[in-house]
Amino acid sequence: QVQLVESGGGLVQAGGSLRLSCAASGRTFSTYNVGWFRQAPGKEREFVAAITWTIGSTRYADSVKGRSTISRDNAKNTVYLQMNSLKPEDTAVYYCAADRGVVTSSSSLWGQGTQVTVSS
């Protein structure tokens with residue numbers, strides 16, 4: 001069974017950068033598609049970015065496109081989310097999720113989340 005642990009969140013000023021990590025246990029992690037989602041207080045969980053396990057295809061939400069990069073290191077069982085030019089509206093708990101198919105908010109494998117707070 002794959003287990004996910006996020007890290008790298010914190011408090012940053014607007015315009016700053018953070019790199020989130022999603023570390024996985026389990027030898028089969030490299031065969032999972034992985035996504036990042038976020039949930040701000042009082043809001044629904046929303047998709048941020050995803051990457052496939054096959055050729056590393058990526059997709060992004062419009063809200064982070066051009067400011068964020070998702071990548072994976074299968075040798076380290078880790079997926080990263082580099083976020084630049086952060087805005088206060090990026091403040092949320094960020095979660096990673098893994099799925100054998102398309103990663104969605106209905107996927108069954110989730111980490112515990114890491115808090116990102118962007119001050120203005």
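I take two strands as paired if DSSP finds at least two bridges between them. The model I am reading is predicted.

**Strand 9 and its partners**

I began with strand 9, residues 92-99. I looked up strand 4, residues 33-39, and found it antiparallel to strand 9, with 7 bridges joining the two. Within this pairing, Arg38 stands opposite Tyr94 of strand 9.

Next I checked strand 11, residues 114-119. Strand 11 pairs with strand 9 in the antiparallel sense, over 3 bridges. Here Val93 faces Gln115 of strand 11 as its opposite number.

Then I turned to strand 10, residues 109-110. This pairing with strand 9 is also antiparallel, and it has 2 bridges. The bridge partner of Ala97 in strand 10 is Trp110.

How many of the 8 residues of strand 9 are buried? I get 7, so strand 9 is largely enclosed by the rest of the structure.

**Gly35**

I picked Gly35 in strand 4. Is Gly35 buried or exposed? Its relative accessible area is 0%, and buried means under 20%, so Gly35 counts as buried.

I listed what Gly35 touches, leaving aside neighbours within four places in sequence. The contacts are Ala49, Ala50, Tyr95, Cys96, Ala97 and Val103. I also took the C-alpha to C-alpha distance from Gly35 to Cys96, which is 5.5 Å. In sequence these two are 61 residues apart.

**The nonpolar core**

I looked up the largest nonpolar core and found 30 residues in it. Which of them touch the most other members? They are Leu4, Trp36, Leu81 and Tyr94. Strand 3 (18-25), strand 4, strand 5 (46-51), strand 8 (78-83), strand 9 and strand 11 each give two or more residues to this core.

I followed Leu81 further. Beyond neighbours within four places in sequence, Leu81 is in contact with Trp36 and Tyr94. Its other contacts are Leu18, Arg19, Leu20, Val48, Ala49, Ser68, Thr69 and Ile70.

**The largest pocket**

Last, I looked for pockets. The largest holds about 150 Å³ of space. It is lined by 13 residues, and the closest to its centre are Arg38, Lys43, Glu46, Glu89 and Asp90. I sorted the lining by class and found 8 charged, 3 polar and 2 nonpolar residues. Arg38 thus turns up twice in my notes: it lines this pocket, and it stands opposite Tyr94 in strand 9.

Conventions. Residues numbered from 1 in each chain as written. Predicted model: local features only at pLDDT ≥ 70, side-chain atom pairs only at ≥ 80, totals over all residues. Heavy atoms only, no water. 1 Å grid on protein atoms, 1.4 Å probe; cavity = no way out; pocket = protein on both sides within 12 Å on 5 of 7 lines; lining within 4 Å. Points joined across faces, edges and corners; volume = space filled by probe spheres on them. Nonpolar A, V, L, I, M, F, W, Y, C, P; charged D, E, K, R; others polar. Buried < 20%, exposed > 50% of the residue type's maximum accessible area, 1.4 Å probe, protein only. Helix = DSSP H or I, 4+ residues; strand = E, 2+ residues; numbered from the N terminus. Core = buried A, V, L, I, M, F, W, Y, C linked by side-chain atoms within 4.5 Å. Contact = heavy atoms within 4.5 Å.
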